[in-house]
Amino acid sequence: MKDQRAGRKQWVGLAVLALPSLLVSIDLFVLLLAIPRLSGDLHASSTEQLWIIDVYGFLLSGFLITMGAFGDRLGRRRLLFGGAAVFGVASVVAAYAPDATTLIAARAVLGIAGAAMGPTTLALITGMFRDPRQRATAIGVWIMSLMGGSAIGPVVGGVLLAHFWWGSVFLLAVPAMLLLLTIGPALLPKDQPERHPAPLDLTSVALSLAAILPTVYGIKELARHGAQPTPLAVLIVGLAFAAAFVRRQQTLPHPLVDLRLFKQRTFRTALGGMFVNTMLPGATMVLITQYLQLVAGYEPLRAGLALLPAVAAGIASTQLAPPLARRFRPAPLIAGGLAISVVGLALLTTADSATTVVAGMALFNVGAGPLITQGTGIVVGAVPPEKAGGAASLSQTANEFGFALGVAVLGSVAAAVYRHGAPAGAGDSLAAAPAALLDQARAAFTDGLHVVAAISAVVIAATAVVCLRVLRHLPPVGQERADEPGTQPLEPAAG
């Protein structure tokens, strides 16, 4: 395998790919801090504020699968550079937007450009690092860049908003995009044309968008407003298109999504584990952020700083997981990590202070590292190299859906616990509680956090058991892998 090992050029190329991911991640988090100021300057209505926040995620989710497949056919480097150029221009437009409508349109373009860059970046890393051990390390570095954005974002946003106008938060990504476009061509591998290029089925593209966009919108609106008729109807429409999309993929010789992947138990388990891992802590993280500000009384910047140890723990875990994966099998490594996550969630079920809450989240993040790194490697490694973009898009789509569904379902559970425990007149949320009832309302909100953490602990524990059983045949990274019982290898030409 010596000829497969990456050299200095590939590692520098990884840094060039990781930096834009870091900056894009930062860009997402600093926006939340900028909303109050930009809303006042642009005279944005409450509806426009929601669209400013949500339109990026809607279109990012909707276009991930399409862009993953498109990159496999058009060329990943070409699509990455195109997405970076569009992202940079749209960031400048967003920074100097004269009104809310322009900002919403710019954020929509940013979502589509982000979808072009995400799976393409991961697919390029897969192709650049053919040695399994090096690939695991490279994926860990890439994941670290994404997690680092969540840690640095609130801090950077607080500093920028203290010294500059709100548009400065959108300009953060511009230097990274320029760097990628300037030195990327010399470092990233050139696109290799396929011997038998598979056409992109435009009907499948339309069906995927018609399925994902209404489904994500319906889930988020249900989380925000409860079981209202309109979001329920939109969700049903999205699910109907999803069924049509699946049926069409089963009839095409070159489908947009190769459903045969789901016949592999390891693929299903890895993808499902990452879905759960995004769904549960996603909702818990939202509640913890609110706890720090509304219960502990922290200012937004202080709340962001308080979360730094938890995010740092997750980053450290993703960096330690690859070398551990060379010595231990994925099954006990992932299950052992999830057991640590369960301990963190158990701590959250009784947490009554900011310190305890952050400690519980830190333990959860420590335990999640092996699943994130190993699961991503299993998913992108389940297909031939020329189809890595499609597999990477499935991984990221699962993460997007997991987060949205977690906030909707577990957020509703927390809200129900709050309404049951809060005194009459406290309102439907802690933010609306009057001062006279604030102590009781805070206690009810904390009870909601405890219940969500308990539910998450049970589900994560079950996920650990499934991973331990299903993945037990996989060897440590870098060793020969036995074929999975009951499955056939995918032909490279399929899709």
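## Exercises on an all-helix chain

Leu239 sits in helix H8, where helices (H or I, at least four residues) and strands (E, at least two) are DSSP runs numbered from the N terminus. Before we start: this is a predicted model, so local features need pLDDT of at least 70 and side-chain atom pairs count only at pLDDT 80 or more, while totals for chains, interfaces and linings use all residues. Residues are numbered from 1 along each chain as its sequence is written, and side-chain values use heavy atoms, leaving out hydrogens and water.

**Exercise 1. Classify Leu239 by accessibility and place it relative to Pro214.**

Step one: recall the classes, with buried under 20% relative accessible area, exposed over 50%, and partly exposed in between (1.4 Å probe, protein chains only).
Step two: Leu239 has 49% relative accessibility, so it counts as partly exposed.
Step three: Pro214 is 25 residues away along the chain, and the two C-alpha atoms are separated by 8.3 Å.

**Exercise 2. Check the length of H8 and find its buried side.**

Step one: take the expected span as 1.5 Å times one less than the number of residues. For the 21 residues of H8 (residues 229-249) that should give 30 Å, and the end C-alpha atoms are 30 Å apart, which agrees.
Step two: list the buried residues of H8, namely Pro231, Leu235, Gly238, Phe245 and Gln249.
Step three: they cover an arc of only 75 degrees around the axis, so they are on the same side of H8; the arc is that of the directions from the helix axis to the C-beta atoms.
Step four: an α-helix has 3.6 residues a turn, so residues three or four places apart point the same way.
Step five: look at the face turned away from the buried side, and you meet the exposed residues Pro229, Ile236 and Arg247.

**Exercise 3. Work out the surroundings of Ala95.**

Step one: find Ala95 in helix H3 (residues 76-95). Its relative accessibility is 1%, so Ala95 counts as buried.
Step two: collect its contacts (heavy atoms within 4.5 Å). Leaving aside neighbours within four places in sequence, Ala95 is in contact with Trp165, Trp166, Gly167, Phe170 and Leu171.
Step three: add a backbone distance, since the C-alpha atoms of Ala95 and Ser168 are separated by 6.3 Å, with their places 73 residues apart along the chain.
Step four: follow one contact, Trp165, to the loop between helix H5 (132-163) and helix H6 (173-187). At 36% relative accessibility, Trp165 counts as partly exposed.
Step five: Trp165 also joins Val92, Tyr96 and Phe164 in a nonpolar surface patch of about 420 Å². Patches are made of residues with over 30% relative accessible area and no salt bridge, joining like charges within 9 Å and nonpolar side chains (Val, Leu, Ile, Met, Phe, Trp, Tyr) within 5 Å. A salt bridge puts a side-chain nitrogen of Lys or Arg within 4 Å of a carboxyl oxygen of Asp or Glu.

**Exercise 4. Is Ala115 buried or exposed, and what does it touch?**

Step one: go to helix H4 (residues 100-128), where Ala115 is found.
Step two: its relative accessible area is 0%, so Ala115 is buried.
Step three: skipping residues up to four places away in sequence, Ala115 touches Leu59, Leu60, Phe63, Leu64 and Met67.
Step four: Gly68 is 47 residues from Ala115 in sequence and 8.2 Å away, C-alpha to C-alpha.

**Exercise 5. Do the bookkeeping for the whole chain.**

Step one: count 15 helices and zero strands.
Step two: of the 495 residues, 54% count as buried.
Step three: among contacts between residues at least 6 apart in sequence, 81% join residues at least 24 apart.
Step four: the accessible surface comes to about 20,900 Å², with 65% belonging to carbon and sulfur atoms. Such areas come from the Shrake-Rupley method with a 1.4 Å probe, and for residues only the protein chains shown count as cover.
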